[in-house]
Every structure is written in C-alpha cells, then in structure tokens.
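Please open the model in your viewer and keep the selection panel at hand, since the tour goes from one selection to the next.

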Amino acid sequence: MASFSTWELLQELAVGCVFPAAQQGFDQVWQLLFVCLLYRLLCRTGLPPSVKHLCSLIAGVYALYQFFELHMMWVVLLSVLCYLTLFLVCYSKSRGTFLSLAVLIYLLVGELHLVDAATWLKIRGSQMVVAMKAISLAFDLDRGVVSAFPSPLEFMGYILFVGTVIFGPWISFASYKDAMESRKLKFSWFAKISGSWVKCQLCLVVSTCIAPYLFPYLIPVEGGESLDRWLDAYENAVSFHYSHYFVSFLSETTTTLAGAGFTDHKDNVKWDVTVANPVNVELPRSMVEVVTSWNVPMSRWLNTYVFKNALRMGTFPAILVTYTASALLHGLSFHLGAVLLSLGFITYVEHVLRKRLAAIFSACILSKSCPSDCNHQNKKTLWVYGINLTFSVLAIFHLTYLGSLFDSDMDNMDPGEGFLASHTIQKWSELSWLSHKVMIGCFVFYWLI
Amino acid sequence: MRILALLLGVKAACILLVSSLSGTGAVNNSGRWWGIVNVASSANLLTNSKNVQLVLDPSLALLSRRQRRLIRQNPGILHAIVAGLHAAMKECKWQFRNRRWNCPTTHSPTVFGKIVNRGCRETAFVFAITSAGVTHAVARSCSEGAIESCTCDYRRRGPGGPDWHWGGCSDNVDFGRVFGREFVDSSERGRDLRYLTNLHNNEAGRLTVSTEMRQECKCHGMSGSCTIRTCWMRLPSFRTVGDFLKDRFDGASRVVYANKGSNRASHRAEPRHLEPENPTHKPPSARDLVYFEKSPNFCSHNGKMGTHGTSGRTCNSSSPGLDGCELLCCGRGYKTRMEKVTERCHCTFHWCCHVSCLNCTSTQTLHQCL
C-alpha cells in the first residue's frame with residue numbers, strides 16, 4: 001500500500017476510465033454515426049428531393065428508436081401535432097404565436113400528466129429540438145424568410161433530421177435544405193468531424209474521471225469548511241459543464257457527419273458549426289458571454305425568435321420573457337427555473353453596471369469586448385484589464401454557485417418536484433445565497449452611481 | 001535443595017499467574033483500538049494527520065505495532081478510521097435508542113465498556129458496526145482522494161445496457177475491506193470461540209457494506225436531460241448499514257465451537273469454524289451475526305458486568321414495545337414529571353433568504369424509570 005504518485009494516478013485513469021469510456025461510448029453511438037454517414041452519402045446521389053426527405057424522416061425515426069425505444073412516440077407525436085397546428089392556421093399572420101402556444105400546452109400536459117418523470121427527463125432534449133425547429137419555421141413563414149409552405153414530408157424530414165434529432169443542436173430550415181443539396185466530401189469535412197469527436201471524448205473524460213478529483217488530488221488546495229464547500233461546488237460545476245460540452249461536441253459531430261452545418265464563402269465551403277465554446281465559459285469575460293457561448297445555436301434561436309419578438313415590451317421584460325421561454329423549453333423543473341431566472345437577473349445587472357461604468361470611465365469594460373473602432377478613450381491600460389479580470393472572477397464565482405446544484409444526487413434521486421426544490425434551497429443555503437447577495441449588492445451599487 | 005524446589009514452585013506459580021493475566025490481557029485487547037476515537041479527538045491529533053510524526057505519538061499506544069505501521073503506510077487514513085468509529089458509535093446509539101441496552105459509550109479508552117468482553121448479541125453488534133464503520137469511511141475517503149495510498153475504484157463497471165454504462169469514480173470498497181481485515185482483525189488474538197465469533201462479526205460488518213453498494217449515475221444530454229448516462233458504484237448510507245445489521249442482530253444465531261469432543265486429528269484436519277448451537281438450525285451465513293452467550297437483562301446497575309441499568313431512562317408510557325415503560329423499567333415502575341420545553345416554532349421564510357422563528361414554550365410529560 002505505497003503512496004500513489006500523480007503518474008500512477010494518470011495510468012489508473014487511462015486504463016480504468018479513458019479507454020473503457022472511449023470504447024463503450026463508441027459502441028453506443030456508432031449506429032447513430034453510421035446512419036448519419038449513410039444519409040450524407042445518400043444525399044450525394046441524384047435522388048429526387050421528396051425521396052431524400054423521406055430518407056431523412058426514416059433515419060430520424062430509426063435513431064430515435066435506437067435511443068428511446070417506444071418512448072420515441074412522444075417526440076413523433078409532438079412533430080405531427082406541430083404540423084397539424086401549422087396546417088390549421090396556415091392562412092393566419094401569426095402562425096409563430098399559435099404554434100408556440102400549441103407546443104407550450106403539449107409540453108405542460110405531457111410533463112404534468114401524460115409521461116412519467118424519468119421518461120420525460122430522457123426524451124426532453126429531443127423534444128426541445130423538435131419544438132425549437134417547429135417554432136422557428138413558423139416565425140420564418142410569418143416573416144417571409146421561408147416562402148413556400150412546406151409539404152408534410154419536407155416538414156417531418158426537417159424536424160426529425162437525423163444529424164440533430166438526438167443531441168441537437170437547433171438548425172434552421174434553410175440549413176436543412178442546404179444539407180440536402182449536399183456539398184462535396186472533402187478533407188475539411190472529415191477534419192471537422194474528427195476534431196469534434198476527439199473533443200467530445202476529452203470532455204467526457206474530464207466530466208466523469210477528472211472533475212470529481214480536482215481537489216485536493218490534482219490541485220492541492222485544502223482549506224476550512226466553507227472553502228471546501230466552495231471547492232466541492234466548483235467540482236460539481238465543472239463536471240456539469242464538461243458533460244454539456246461532451247453532448248455539444250457530439251452533436252457537432254453528428255450534424256457535420258449528416259452534412260449540415262456549413263457556410264458558403266464564395267465557392268469555398270466552411271464546416272464551421274459551433275455548439276458550445278468551452279473557453280468562453282470556463283474563462284469568461286462576463287456572464288453575458290457565458291450565456292451566449294453555452295449553446296450558440298440555442299442562444300441564436302432565443303435571440304431571433306423570442307427576444308426580438310418580445311423587445312417591444314422593453315429590454316428588461318424582454319430578457320425575463322427570453323429566460324422564461326428557455327426555462328419552459330427545458331422543462332418545468334424547479335432547479336432549472338431557479339438557475340435560469342437567476343441567470344437572467346445576473347446578466348441584466350452585470351450588463352447595466354458595466355455599461356454605466358464604461359460610460360463613466362470611457363473604458364472598454366462592457367460585457368462584450370469592444371469592436372476595434374469603438375470611441376472609448378481607455379482601451380488597453382492596466383486598470384482596464386484589472387476591472388475586466390475582476391468581472392471574470394465574479395462570473396466564475398456565479399458559475400460555481402449556479403453549477404453546484406448539478407451534483408450526483410440530482411441524477412440519482414427520484415426526480416420529484418419536492419426533492420428538486422428542497423435540493424436547490426439546501427445547496428444554495430449551504431453557500432449562504434452568496435451569489436444572489438452579490439448580485440443585489442451590484443445592483444445597489446449601480447443604482448447609487 | 002528444598003529451598004530451590006520452593007523457589008521453582010513460586011516461579012512456576014508466577015509464570016502461571018502472569019500467563020493467566022496476559023490471557024485476560026489478550027481478551028481485553030480485542031477492540032482496544034476503539035480508544036483512539038477519544039484520544040485522537042481530545043489531543044487534537046487530527047489537525048495534521050498526514051504528518052508521520054503524529055503516528056508515533058505515545059497517545060496512540062492503544063494501537064498494536066502492526067496497526068501503527070498500517071497507519072504510517074497509509075497517510076491520511078487515521079482521519080477515516082476515527083470518522084468511521086464516530087459514525088459507528090452514533091449509529092449504534094440510534095439503533096438501540098429504545099432498548100434497555102442503549103449502546104452506552106464512555107470517554108475512557110475502553111469506549112464501549114465491559115460488554116465487549118462478553119459474547120452476547122450486543123457484543124456482536126458492536127464488533128460488526130465498528131468494523132463496518134471503518135470499511136465504509138476508508139472506502140469513501142479513497143474516492144474523495146483523502147488517503148494517499150488508494151484512489152477511486154475504476155474497475156467496477158456495470159454492463160453496457162440500453163443507456164451507456166461505464167466506470168466513473170466508484171467508492172473503493174475493496175480497499176476498505178482489505179484494510180479493515182488487516183487493521184481491525186489484527187487486534188483479535190487467540191484461537192478460542194470468542195476469537196472466532198469476533199472475527200465472524202467483523203467480517204459480517206464489512207460484507208454488509210460491500211454487498212449494499214448501489215449504482216449511481218450521471219446524466220448527459222442536451223441541457224441536463226438524461227439521454228445517456230455514466231454510472232459508478234456508491235457506498236450505501238451508513239443508516240442502511242445500521243438498519244441491516246440491526247436486522248441481523250434480531251436474528252443472530254447462537255454458536256458453539258465446531259467438532260467439540262472429537263479427536264485431535266480430525267480437529268486439526270478441519271479448519272476451525274462455528275456451528276449453530278442447535279444442530280437443527282442451519283449454519284450462520286457470512287453476513288449473519290453470531291454470539292455464544294445469553295445477554296444479561298441490562299435492568300440494574302452491575303459493575304462486574306459493566307451494565308448501567310435503566311433507572312433514570314425516559315420511557316414511553318403508551319407504548320407496548322421495548323421502549324414502553326413496562327419493559328424498559330423492568331417492572332420497577334416509573335415517575336412522571338412535567339417539564340417546560342422551549343422550542344422554535346412558527347418558522348417563516350422571508351424573501352430573501354432567511355428563516356425567522358418564534359420561541360414556543362410547552363409543557364411535556366416525561367416518564368422516567370425508577
């Protein structure tokens with residue numbers, strides 16, 4: 001029983017965690033990846049579009065069945081319901097609003113009455129993607145971005161597109177059409193897939209094997225009881241973040257593999273779909289940056305279809321509406337609602353405070369980094385960096401606090417409402433509600449200056 | 001010559017005396033290591049348990065040389081052992097809170113008192129729960145990275161099911177069991193029935209911890225949904241272990257030395273083992289608790305037996321069970337008095353975020369055994 005050195009620990013990690021993770025991980029997703037690849041190759045052939053839509057639909061249903069077995073019917077039911085609603089109001093001018101209401105009612109009824117909590121938790125991700133796609137299509141029809149009303153086959157092919165149906169992300173109807181037209185199989189395409197796959201595996205390893213070990217094994221920090229509590233919270237937060245990056249990179253892989261997620265630069269195709277931006281989350285400039293980098297397609301969707309529609313109510317109500325929409329899409333769980341609403345307040349306070357400070361000091365200390373041609377006088381002085389660094393540390397602190405909820409108890413307890421609520425309150429009481437207090441402090445400070 | 005013979009006789013008597021004393025010494029040795037729970041907490045030894053010097057501290061003299069070596073070889077483990085003992089004592093008190101014997105402990109080095117030198121059911125429970133406590137705490141500390149010589153157990157992997165299953169950081173119960181066997185069992189000496197019984201109960205405690213391990217998972221999916229999962233093995237809560245051992249306490253089997261009265265050759269050929277006293281009962285399984293002596297009734301104070309008696313204990317006048325005044329007071333009767341109790345009540349949650357309470361005073365009826 002000799003002492004473990006770091007080297008031995010790393011060996012143990014490699015043999016015990018990394019390899020089995022990679023191998024068994026691949027065992028489970030290879031079918032999804034294979035179907036994606038098959039669809040991509042099929043799109044390269046000269047089949048008529050309707051056949052391609054049908055193939056997309058079949059591939060999507062097959063993938064859903066692989067992951068959820070018969071529970072997939074809830075997802076299919078939602079997509080059929082969306083099309084019916086869209087069809088019934090196809091001459092209206094506010095199809096988006098009608099469809100949003102229909103989706104909302106379906107999600108509420110499903111969550112509260114029809115489906116048991118464990119199943120719902122499993123299919124929630126897919127439901128979210130379906131809902132987002134349908135709502136975006138409806139608003140695009142309203143705005144005239146999409147001119148022709150889609151046929152059932154087109155609609156279902158888009159909604160259940162195999163590259164995004166399991167792990168997301170949201171893609172627009174236009175990019176689905178582009179994917180169907182298909183671009184050449186080039187090296188850059190392959191490079192993007194391998195890169196995303198490697199990153200996906202790395203994030204999984206960090207989430208399951210390294211994050212629970214961070215303190216005091218890998219980083220020898222030990223302290224009093226309250227410090228330990230915060231370190232523990234940080235471990236939970238990191239583990240949760242990396243689990244999210246894992247899914248994000250996996251979704252990048254499947255999307256690209258199925259042939260979607262590229263932009264045209266003249267005649268040069270760039271495979272550049274980005275779902276999460278880990279560097280901007282782990283070392284953030286501001287909470288606003290965290291929120292946008294967490295899930296880029298989703299924040300784009302929220303911005304385009306919720307925030308802009310709600311903006312006529314004023315900025316702060318629009319922010320609240322956006323976060324509420326996000327919370328509703330994520331499912332009616334107490335802890336997610338609490339986190340998302342807290343995020344809403346935190347980002348708002350941070351935004352207004354930094355805006356005021358930037359105006360007073362005429363410095364580049366906004367939530368978003370200045371464009372190169374901004375008219376602030378102080379751009380690269382030391383104290384500007386200092387203030388930005390302070391806000392970064394504050395953001396990491398907020399993230400730790402919010403992420404502390406997502407510990408292993410969360411995934412193992414019966415996901416009943418009562419448990420989630422008491423768990424949230426208990427966890428945050430342990431950290432003495434510090435983040436909320438700091439937020440209120442910042443707001444009072446903003447209000448005074 | 002006669003004097004010499006006398007001297008020899010005296011010497012022989014002395015040797016006999018010494019050996020008989022050391023014999024009782026060996027008996028008292030069992031569970032002697034429990035004393036570190038008081039020593040370590042009073043001497044504030046645990047502030048820096050990774051320091052090797054502390055292990056050589058004379059206040060740890062309660063441990064055998066082998067036990068001290070084990071602590072030295074596994075920096076950080078003293079914390080776990082003491083924490084495990086604390087948990088075991090707490091759990092023992094909780095499980096027996098309503099019984100005549102309510103698991104009394106003292107701050108002297110003999111933590112559980114004289115009961116440990118007997119062979120009754122209560123003795124069996126004390127050995128099993130403390131052994132389980134050490135295994136539990138050590139296994140948990142391994143996965144938390146608090147012991148330098150062990151890590152998470154990455155070999156425990158569930159089968160690949162419809163969701164993903166593979167190893168994360170499992171609690172290292174194998175290390176906990178091996179360490180427990182080396183550390184806890186090494187304080188038992190001898191070859192008699194008591195020795196075998198204590199070892200059996202120690203092992204029963206450890207086995208309970210490892211067989212009650214359960215799977216715990218982490219969800220991965222879009223925004224916290226549970227599309228796929230990673231799983232690992234987690235220790236049961238110590239309450240689960242306590243409940244399980246209490247069940248085994250109620251169904252403990254009385255045992256005797258196997259092959260009693262048979263000739264020496266066959267005795268040597270067969271490994272020493274325990275048999276149920278009643279031959280029609282089936283032999284105790286590895287997780288059963290065993291005892292060889294009837295429990296005293298624990299009713300009255302008895303210095304020799306080390307029982308405190310039940311006088312002064314509060315009892316429940318309406319209960320027909322073990323905590324009822326009839327049984328708990330052994331028929332001696334009880335006195336009733338009223339007591340004013342002040343407790344926090346009408347607590348309200350204020351936004352945001354504190355709870356304020358009022359102090360309510362109520363009178364409660366207390367029954368105490370005579």
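Leaving aside its neighbours within four places in sequence, which residues is A:Trp301 in contact with? Bear in mind that this is a predicted model, then select A:Trp301 and display its surroundings: the residues in contact are A:Met132, A:Ile135, A:Ser136, A:Trp170, A:Val306 and A:Leu329. A:Trp301 is also listed, together with A:Phe155, A:Val162 and A:Ile166, among the residues with the most contacts inside the largest nonpolar core, which has 118 residues. Next, colour helix α5 of chain A, residues 117-143, which gives the most to this core, with 13 residues. A second, separate core has 55 residues, and to find it you can select B:Ile36, B:Ala139, B:Val209 and B:Val241, which are included in it.

Return to chain A and select helix α12 (residues 287-294) with helix α15 (residues 334-361), whose axes come within 8 Å and cross at roughly 130°; the two helices are therefore oblique to each other. To see the contact, show A:Met287, A:Val288 and A:Val291 from α12(A), and A:Leu343, A:Ile346, A:Thr347 and A:Glu350 from α15(A). These contact residues divide into 5 nonpolar, 1 polar and 1 charged.

Finish in chain B, where 3 strands form an open sheet of mixed pairing in the order β4-β3-β5. Select β4 (274-276) and β5 (290-291) of chain B, which stand at the edges with a single partner strand each, so that one side of each is left without a neighbour in the sheet. Then add strand β3 of chain B, residues 253-257, which pairs with β4(B) in the antiparallel sense over 3 bridges, and look for B:Tyr257, which stands opposite B:Leu274 in β4(B).

Methods. Residues numbered from 1 in each chain as written. Chains lettered and ligands numbered in written order. Predicted model: local features only at pLDDT ≥ 70, side-chain atom pairs only at ≥ 80, totals over all residues. Heavy atoms only, no water. Axes fitted to C-alpha atoms, helices over the stretch in contact; angles between N-to-C directions. Helix = DSSP H or I, 4+ residues; strand = E, 2+ residues; numbered from the N terminus. Parallel < 35°, antiparallel > 145°, perpendicular 65-115°, else oblique. Contact = heavy atoms within 4.5 Å. Nonpolar A, V, L, I, M, F, W, Y, C, P; charged D, E, K, R; others polar. Pairing = 2+ DSSP bridges. Core = buried A, V, L, I, M, F, W, Y, C linked by side-chain atoms within 4.5 Å. Buried < 20%, exposed > 50% of the residue type's maximum accessible area, 1.4 Å probe, protein only.
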